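Reader: I would love a close look at one part of this model. Could you walk me through it?

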Amino acid sequence: MNPHPYAKYVEGRDVLQSLDETPARIEALVRGWPRERDDQSYAPGKWKARQLLAHLAQIEMVFNVRLRFALTSDRYVVQPFE
């Protein structure tokens, strides 16, 4: 098992900086959308933009809890999820 299963998603960037910047990057992208785009998907059978954004918000909450445990616990082991 890879000891850092999420490393590929930050492409060598500082993880804490990436976590700090990502919500603003997403907000900046979404603010420019016409609201009709919220109910569109990027491909047939895929989630709508609204569903993706809700999922990202949920993952943000889970990841923040895990990060707090990691920063405050000795020998914390991340439990991957899909």
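Reader: In which hand of crossing, left-handed or right-handed, does helix 1 pass helix 2?

Author: Happy to help! This is a predicted model, in which local features need pLDDT of at least 70 and side-chain atom pairs count only at pLDDT 80 or more, while totals for chains, interfaces and linings use all residues. Residues are numbered from 1 along each chain as its sequence is written, and side-chain values use heavy atoms, with hydrogens and water left out.

Helix 1 passes helix 2 in a left-handed crossing (the near helix is turned anticlockwise from the far one by less than a right angle). Helices here are DSSP runs of H or I with at least four residues, numbered from the N terminus. The axes of helix 1 (residues 15-31) and helix 2 (residues 49-72) come within 12 Å and cross at roughly 165°; axes are lines fitted to C-alpha atoms over the stretch in contact, and angles run from 0 to 180 degrees between N-to-C directions. Helix 1 is therefore roughly antiparallel to helix 2 (angles over 145 degrees).

On the helix 1 side, the contact (heavy atoms within 4.5 Å) is made by Leu16, Leu19, Pro23, Ile26 and Val30. Helix 2 contributes Leu53, Leu56, Glu60, Phe63 and Leu67. These residues divide into nine nonpolar, no polar and one charged (Ala, Val, Leu, Ile, Met, Phe, Trp, Tyr, Cys and Pro count as nonpolar, Asp, Glu, Lys and Arg as charged, and the others, Gly among them, as polar).

Thr22 also sits in helix 1, and its C-alpha atom is separated by 9.9 Å from that of Glu60, 38 residues apart along the chain.

Methods:
Helix = DSSP H or I, 4+ residues; strand = E, 2+ residues; numbered from the N terminus. Parallel < 35°, antiparallel > 145°, perpendicular 65-115°, else oblique.
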